[in-house]
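Work through the exercises below with the model open beside you. Try each task before you read its solution.

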There are 2 protein chains.
Amino acid sequence: MLTKSSTELVRQRNSVLVLATLRRHGPLAHTEISEFTRLSSATISAITADLEKAQIIEKSEQQPASGRGRPRVLLRQRRDCGYLIVVIISSDAVQYSLVDYAGKLIDRFSEQRSHDPDGASRFTNSVREGLLRILARSRIEQQKVLLISISSKGLVNSSEPVLVWSPIFGSDQIDFESALRPEWQAKIILDNETLLVAAALGAHEENVKGADFRSLAALSLGHSIGLGIVRRTSHGGHDVSAPNFGHMLHMANGGLCRCGTRGCIEAYAGFYAILRTAFEVPLDTIPAKFVPLAELDKIAARARQGHRISGFAFRQAGLALGNGLSRMLSLTERMPIAITGVGTRYYDLLRQGIEEGLGQSHVVRMEGMPELRVAADEQNLVFEGHLNRALAVIDEDIVVAGGQGGD
Amino acid sequence: MLTKSSTELVRQRNSVLVLATLRRHGPLAHTEISEFTRLSSATISAITADLEKAQIIEKSEQQPASGRGRPRVLLRQRRDCGYLIVVIISSDAVQYSLVDYAGKLIDRFSEQRSHDPDGASRFTNSVREGLLRILARSRIEQQKVLLISISSKGLVNSSEPVLVWSPIFGSDQIDFESALRPEWQAKIILDNETLLVAAALGAHEENVKGADFRSLAALSLGHSIGLGIVRRTSHGGHDVSAPNFGHMLHMANGGLCRCGTRGCIEAYAGFYAILRTAFEVPLDTIPAKFVPLAELDKIAARARQGHRISGFAFRQAGLALGNGLSRMLSLTERMPIAITGVGTRYYDLLRQGIEEGLGQSHVVRMEGMPELRVAADEQNLVFEGHLNRALAVIDEDIVVAGGQGGD
DNA sequence: ATTTTTTTCTCGACAGTCGAGAAATTTAGT
DNA sequence: ACTAAATTTCTCGACTGTCGAGAAAAAAAT
């Protein structure tokens, strides 16, 4: 409330609102936009006229008139209004996707990541090449790319596109802004991967529950552990955050983690940690760099057949996760927890430990066990989260720029 | 962004902005308001004229003209525009304060709390009586009381004035809304005590650092442990929350807590817990209901003289606090931590443990130790926090009501 | 008395939203 | 073929808001 309001700001907000409802519900007629936004028909006329003049939306070709009366003319975003490049960095590959302003996928490819630890500078070079390649393949002008949306596991600076810590590069910071800036004018945003999963799940949840949706957490299980939290803000927006959950302290002076600290949650619940426990390797052993999934599948199979120490490894992991989640719930309100990631295939083995770990805390005893659910297809959710956030950012930028630049 | 904007909303926001700057900087002239709010002089004229007509602000008596030119006329809130009752519930007393719209204390008294555990219903009755008493003493019309702002230690429902859990009444919920509603038309808000401390400290911090202020946590040490967090929101407001920190899990299957769960932070860092450790009572002993402060002072004195087990008790408490804080920092951004409450008198004994507990986590190793400071005079901060929040709420209510009621 | 300086108020321009009704355009009925 | 009904879109005038510029007010300095 520290900043003043003006009538222009009202128009901006309402313009963004119109674009957002167009995103949520697809191409809409004048009347429908008015219903959804609760803005008067006259206002919709004014706003859509502006947006059309600025070449942001267009009238769609008239579809078969259904019912009597003057036929509706649908409004939709102009595909060629601008483009978005989504870069998803995972432990073994980098996926590049080119998307148009309407959210439609135009081109996509993946590049294997070299496992060289020489790291940061070589990696940013490969990202530069990847970006140029997807641009070249599609023959789109570079200026038309309005936004580059990047995601990775790890800890991200909330205000700048800087990867502060990642399981891949450790604390070699990667600043995408400075790496891409002279070459690209596009805005660059960077988000934690699980944050995007949470954002996508939150959007789903809100579509179902409407105003009843309050908050949700996404827990991603894999080589490392990620957590994303979505909350509805008072004005109806979504506030998302990606805490450093995997490296939250589970137990003081506990097992050695990849990050060099002792007792992180990941040092009990990450894949390498499960392996370590299952093979009864001392907890202060420096953890394996990379654990083949097949190896963990074997342990899981043994655990399912009743092999004690294998089962114990998963149970131990579940306890760490459950304790950690209970601590998170002590700091937030009660919320459902969606579990994603490769690790969901071991959910049958983890579940009991998670629930027991949750149950050891005061909040859970008071408020009851939070709803736990499994959300498969993490990859799609990540991409969906990218689109949700990136297109919203583009809408806002385009509206404020359109107001200043005029035409 | 789900809700539409309109020109009336602009006026509302700007009116609230004017009232807020008047609160922050005391009585101001036309010109000064314009400078602080960045609103044009014409707009200030319009808004202040409205507010004056609605009897919310008034022109002050002209003070000695200083300097040449037309003398300024200061604008200030009308004291009699409305009143606020602040109710501070602590473990041994309830304090009632009557405050006018300008934030000036008019009357105050405290009532001893009966230590009867018969609890909730008798307690709400005593609060009803207290409220009527402070009203009667001041001869103010009941309708003029616009807000009753209550605080207590414990867990508070964020949307309704319901005390969900408190160290005093346990999980006997107290719903102040239903307890006071037929009798009082005033709005009723309830906040956690440490949340108010955090709010007050946040306001101070912002006055000093301005826009550089990002967030802050207040940790209250006493018979129970409280935590409040303030964060600046994107539009310049403050977002405060009071997590259930004292009963966050410190150690699975650890010491027995007053709440009945095992391993809460409070079961290591609350006063009774320090006593328990110092006297080497088993950790599963049901904790003492109430610990005289003198008892703890004795232990502290012994600890300062080098008595091992006494020192260990404080160190243990510090470790629990430090670990808990590190977990909080894993879920939020780095922020300074202000320590308040009676327990600050043992800070010399707790400090090492707190820092060690913090240092055991990944975040602290990465981002460095957060700034720790001691904020004395918790009682005043609580009251200040009440005023900050309550008067802001009144301002907003009065503006939206004034717009509708009109005159 | 006049000028200077500072503050407050007022006026016209401009931007935004809204409700009502006109205009447009199709289907149904005769 | 023509008219009536239905439905959507567009337009106009009223209202509310902010802003900049300059007029009016009021005291000190000359």
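The exercises that follow concern a predicted model.

**Exercise 1. The protein interface**

Task: Describe the interface of chain A and chain B by its contacts, its buried area and its polar pairs.

Solution.
- Step 1. Count the residues. On chain A, 55 residues are in contact with 55 residues of chain B.
- Step 2. Take the area. The two chains bury about 4,400 Å² between them. Carbon and sulfur atoms carry 59% of that area.
- Step 3. Look for charge pairs across the interface. The count between chain A and chain B is 0 salt bridges.
- Step 4. Look for polar pairs. The rule finds 12 residue pairs in polar contact between chain A and chain B, both partners at pLDDT 80 or more.
- Step 5. Assign the chain A side to elements. Those giving two or more residues are α1 (7–25), β9 (162–165), α10 (308–331) and α12 (362–367) of chain A. α1(A) gives the most, with 7 residues.
- Step 6. Sort that side by class. The side of chain A that touches chain B has 22 nonpolar, 23 polar and 10 charged residues.

**Exercise 2. DNA strand C**

Task: Find which residues are closest to DNA strand C and which element gives the most to the surface near the strand.

Solution.
- Step 1. List the surroundings. DNA strand C is surrounded by 27 residues. The closest are N14(A), R68(A), T31(B), R70(B) and R72(B).
- Step 2. Ask what part of the strand is met. Of the atoms of DNA strand C within 4 Å of the protein, 75% belong to sugar and phosphate.
- Step 3. Check individual phosphate approaches. An N or O atom in the side chain of N14(A) is 2.7 Å from a phosphate oxygen of DNA strand C. For the side chain of H30(B), the distance to a phosphate oxygen of the strand is 3.4 Å. V73(B) uses its backbone: an N or O atom there lies 3.0 Å from a phosphate oxygen of DNA strand C.
- Step 4. Name the elements. Two or more residues come from each of α1 and α3 (41–53) of chain A, and α2 (30–37) and α3 (41–53) of chain B. The most come from α1(A), with 5 residues.
- Step 5. Classify. The surface near DNA strand C has 7 nonpolar, 11 polar and 9 charged residues.

**Exercise 3. DNA strand D**

Task: Repeat the analysis for DNA strand D, and state where N14(B) sits and whether N14(B) is buried or exposed.

Solution.
- Step 1. List the surroundings. There are 26 residues around DNA strand D. T31(A), R70(A), R72(A), N14(B) and R68(B) come nearest.
- Step 2. Sugar and phosphate make up 72% of the atoms of DNA strand D that come within 4 Å of the protein.
- Step 3. Check individual approaches. K4(A) has a side-chain N or O atom 2.9 Å from a phosphate oxygen of DNA strand D. S41(A) meets a base: a polar side-chain atom lies 3.3 Å from a base nitrogen of the strand. For N14(B), a polar side-chain atom lies 2.8 Å from a phosphate oxygen of DNA strand D.
- Step 4. Name the leading element. α1(B) gives the most to the surface near DNA strand D, with 4 residues.
- Step 5. Place N14(B). N14(B) lies in helix α1 (residues 7–25) of chain B. Its relative accessible area is 4%, and buried means under 20%, so N14(B) is buried.
- Step 6. Add its partners. Beyond neighbours within four places in sequence, N14(B) is in contact with K4(A), S5(A), L39(B) and I47(B).

**Exercise 4. Salt bridges**

Task: Why does the salt bridge of D50(B) and R11(B) tie together separate parts of chain B, and how far apart in chain B are E355(B) and R351(B)?

Solution.
- Step 1. Start with the total. The structure holds 49 salt bridges over all chains.
- Step 2. Take the first pair. The side chains of D50(B) and R11(B) meet at 2.7 Å, N to O. D50(B) lies in helix α3 and R11(B) in helix α1 of chain B, so the pair ties together parts 39 residues apart in sequence.
- Step 3. Take the second pair. In the salt bridge of E355(B) and R351(B), the closest N and O atoms are 3.3 Å apart. These residues are 4 apart in helix α11 (residues 347–359) of chain B, which means a separation of about one helical turn.
- Step 4. Check exposure. D50(B) is partly exposed at 38% relative accessibility, and R11(B) is partly exposed at 32%.
- Step 5. Note a network. E205(A), K209(A), E371(A) and R373(A) are linked by salt bridges.

Key: Residues are numbered from 1 along each chain as its sequence is written. Chains are lettered from A and ligands numbered from 1 in the order in which they are written. This is a predicted model: local features need pLDDT of at least 70, side-chain atom pairs count only at pLDDT 80 or more; totals for chains, interfaces and linings use all residues. Side-chain values use heavy atoms; hydrogens and water are left out. Contact means heavy atoms within 4.5 Å. Buried area is the accessible area (1.4 Å probe) that two parts lose on being put together, summed over both. A salt bridge is a side-chain nitrogen of Lys or Arg within 4 Å of a carboxyl oxygen of Asp or Glu. A polar contact is a pair of N or O atoms within 3.5 Å; within protein, one must be able to donate a hydrogen and the other to accept it, and residues adjacent in sequence count only if both atoms are side-chain atoms. Ala, Val, Leu, Ile, Met, Phe, Trp, Tyr, Cys and Pro count as nonpolar, Asp, Glu, Lys and Arg as charged, and the others, Gly among them, as polar. Buried means under 20% relative accessible area, exposed over 50%, partly exposed in between (1.4 Å probe, protein chains only). A residue is near a molecule or strand if one of its heavy atoms lies within 4 Å of it.
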